[in-house]
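Please open the structure in the viewer and keep the sequence panel visible. The tour proceeds by selections, each followed by a description of what is found there.

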Amino acid sequence: ICPRDGYDLRAGAVLRLGGSHLGGFGEADVTYAFRQLSRALHPDKNPNNPNAAAAFRKLKDAQGELMQSLNDARALIQRLASPFQ
């Protein structure tokens with residue numbers, strides 16, 4: 001989650017979710033992936049790992065980013081579909 005050498009993972013890669021070419025993902029997928037990874041990466045579970053806090057923060061940021069993008073997509077679809085209802 002916190003790679004070295006300046007390489008930065010996108011939110012979907014952090015949560016290990018497939019992209020649109022793999023069928024995409026929904027809120028339940030994001031929540032499930034976040035819960036699974038947060039249990040493993042929580043700083044309390046990894047007291048000897050100095051990168052645990054940064055990894056957990058990155059995980060929380062990725063979840064927020066993906067949930068926001070899902071909400072934005074849902075709002076766009078509703079706005080585009082409203083004239084046809």
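Begin with the whole protein chain: of its 85 residues, 20% count as buried. The model is a predicted one. Colour the chain by secondary structure, and three helices and zero strands appear. Followed along the sequence, the elements give the pattern α-α-α. Among contacts between residues at least 6 apart in sequence, 57% join residues at least 24 apart.

**Helix α2**

Select residues 27-41, which form helix α2. At 1.5 Å a residue, the 15 residues of α2 should span 21 Å, and the end C-alpha atoms of α2 are indeed 21 Å apart, in agreement.

Which residues of α2 are buried? Display the side chains of Val30, Ala33, Phe34, Leu37 and Ser38, for these are the buried ones in α2. Turn the view to look down the axis of α2: the buried residues fall within an arc of 125 degrees, so they line one face of the helix. Next, display Ala28, Tyr32, Arg35 and Arg39; these exposed residues lie on the face of α2 turned away from its buried side.

Two residues of this helix merit individual selection. Phenylalanine 34 is found in α2, and it is buried because its relative accessible area is 13%, under the 20% cut-off. Alanine 40 also belongs to α2. Its relative accessibility is 48%, so alanine 40 counts as partly exposed.

**Helix α3**

Now select residues 52-81, helix α3. The 30 residues of α3, at 1.5 Å each, should span 44 Å; the end C-alpha atoms of α3 lie 43 Å apart, which agrees. Display the buried residues of α3, namely Ala52, Ala55, Phe56, Leu59, Ala62, Leu66 and Leu70. Then select glycine 64, which is found in α3. With a relative accessible area of 40%, glycine 64 is partly exposed.

**The packing of α2 with α3**

Show both helices together. How are two packed helices described? The description consists of the angle between their axes and the distance between the axes. Here, α2 and α3 pack at an angle of about 175 degrees, and their axes are 10 Å apart. Angles over 145 degrees count as roughly antiparallel, so α2 is roughly antiparallel to α3.

To view the contact, select Glu27, Val30, Thr31, Phe34, Leu37, Ser38 and Leu41 on the α2 side. On the α3 side, add Ala52, Phe56, Leu59, Lys60, Gln63, Leu66, Met67, Leu70, Asn71 and Arg74. Coloured by residue class, the contact of α2 with α3 comprises 10 nonpolar, four polar and three charged residues.

**Distances to draw**

Finally, draw three C-alpha to C-alpha distances.

- Phenylalanine 34 to leucine 59: 7.2 Å in space, for a separation of 25 residues in sequence.
- Alanine 40 to phenylalanine 56: 9.3 Å in space, with the two residues 16 apart in sequence.
- Glycine 64 to valine 30: 9.5 Å in space, across 34 residues of sequence.

Terms used:
Residues numbered from 1 in each chain as written. Predicted model: local features only at pLDDT ≥ 70, side-chain atom pairs only at ≥ 80, totals over all residues. Heavy atoms only, no water. Axes fitted to C-alpha atoms, helices over the stretch in contact; angles between N-to-C directions. Helix = DSSP H or I, 4+ residues; strand = E, 2+ residues; numbered from the N terminus. Parallel < 35°, antiparallel > 145°, perpendicular 65-115°, else oblique. Contact = heavy atoms within 4.5 Å. Nonpolar A, V, L, I, M, F, W, Y, C, P; charged D, E, K, R; others polar. Expected span 1.5 Å × (residues − 1). Buried < 20%, exposed > 50% of the residue type's maximum accessible area, 1.4 Å probe, protein only. Arc of directions from axis to C-beta.
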